[in-house]
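Reader: I should like to go through this model step by step. Please begin once the sequence and structure are in view.

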Amino acid sequence: MRAHSRVEMQRKLARRGHTPEEIDSALARLEELGYLNDLSFAEGLVRLRSKSRGPRALSAELAQKGVGRAQADRALASYTEALQMATAMRQIERTYGQREITGYREMLDRVGNRLLRMGFSTTIVRSACRAVVAGASVQPEDPAPPAAV
């Protein structure tokens, strides 16, 4: 079991044959009780998936799950550039493994496209590759993004 966005829950109930009136009533009650909250859902998804994805991929996933643009942006605000760099560097180290690093260009060729597909910006990809080539290492436990108030 996992949290759902309002749109996901609406689709799920509709697939199970409930009428639109029943769905609206159920969703209103779930929101009233605090069980259904798109912002909270978005923040949780960003917190969970930011360990392996960039903000572009997260934004697309939130949109696919029916989270509004404003709520997605608020949830992604906690995914700072520093956290993105740490995640990208971890992915490079995981992908590049124990291979000898011969230079920035080779690393960029080997892992750059993969990081772009994972949703990282070109700026983060290039900076992370440069940092790994320069010998910077990722902290074992980066602080989790702060919870929204």
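**Serine 127 and its surroundings**

Author: This is a predicted model. Serine 127 counts as partly exposed, because its relative accessibility is 30%.

Reader: In which helix is the place of serine 127?

Author: The element in question covers residues 122-133. Serine 127 therefore belongs, as a partly exposed residue, to helix 8.

Reader: Which backbone oxygen does the side chain of serine 127 reach, and at what distance?

Author: The partner is threonine 123. The side chain of serine 127 comes to its backbone oxygen at 2.9 Å.

Reader: By what distance are the C-alpha atoms of serine 127 and methionine 85 separated?

Author: Along the chain, these two residues lie 42 residues apart. In space, the separation of their C-alpha atoms is 7.5 Å.

Reader: What span should helix 8 have, and what is found between its end C-alpha atoms?

Author: Helix 8 has twelve residues, and at 1.5 Å a residue the expected span is 16 Å. The end C-alpha atoms agree with this, being apart by 16 Å.

Reader: Within what arc do the buried residues of helix 8 fall?

Author: The buried residues of helix 8 are Ile124, Val125, Ala128, Cys129, Ala131 and Val132. Viewed down the helix axis they line one face, because they fall within an arc of 165°.

Reader: Which helices do the buried residues of helix 8 pack against?

Author: One partner spans 81-96 and the other 104-117. The buried residues of helix 8 thus pack against helix 6 and helix 7.

Reader: Which residue just after helix 8 takes a positive phi?

Author: The phi value there is about 95°. The residue is glycine 135.

Reader: Is serine 5 buried or exposed?

Author: Serine 5 is found in the segment before helix 1 (6-15). Because its relative accessibility is 0%, serine 5 counts as buried.

Reader: Which backbone oxygen does the side chain of serine 5 reach?

Author: Serine 5 is in contact with several residues, including Leu36, Phe41 and Asp38. Its side chain reaches, at 2.4 Å, the backbone oxygen of lysine 65.

Reader: How far away is the nearest side chain of opposite charge to aspartate 38?

Author: Aspartate 38, in helix 3 (residues 38-49), touches Ser5, Arg6, Gly66, Val67 and Gln71, residues up to four places away in sequence not being counted. Aspartate 38 is buried and has no salt bridge, for which a nitrogen would have to lie within 4 Å of a carboxyl oxygen. The nearest side chain of opposite charge is that of arginine 6, at 6.4 Å.

Conventions:
Residues numbered from 1 in each chain as written. Predicted model: local features only at pLDDT ≥ 70, side-chain atom pairs only at ≥ 80, totals over all residues. Heavy atoms only, no water. Helix = DSSP H or I, 4+ residues; strand = E, 2+ residues; numbered from the N terminus. Buried < 20%, exposed > 50% of the residue type's maximum accessible area, 1.4 Å probe, protein only. Polar contact = N/O pair within 3.5 Å; in protein donor to acceptor, adjacent residues only side chain to side chain. Lys, Arg positive; Asp, Glu negative; His and termini not counted. Contact = heavy atoms within 4.5 Å. Expected span 1.5 Å × (residues − 1). Arc of directions from axis to C-beta.
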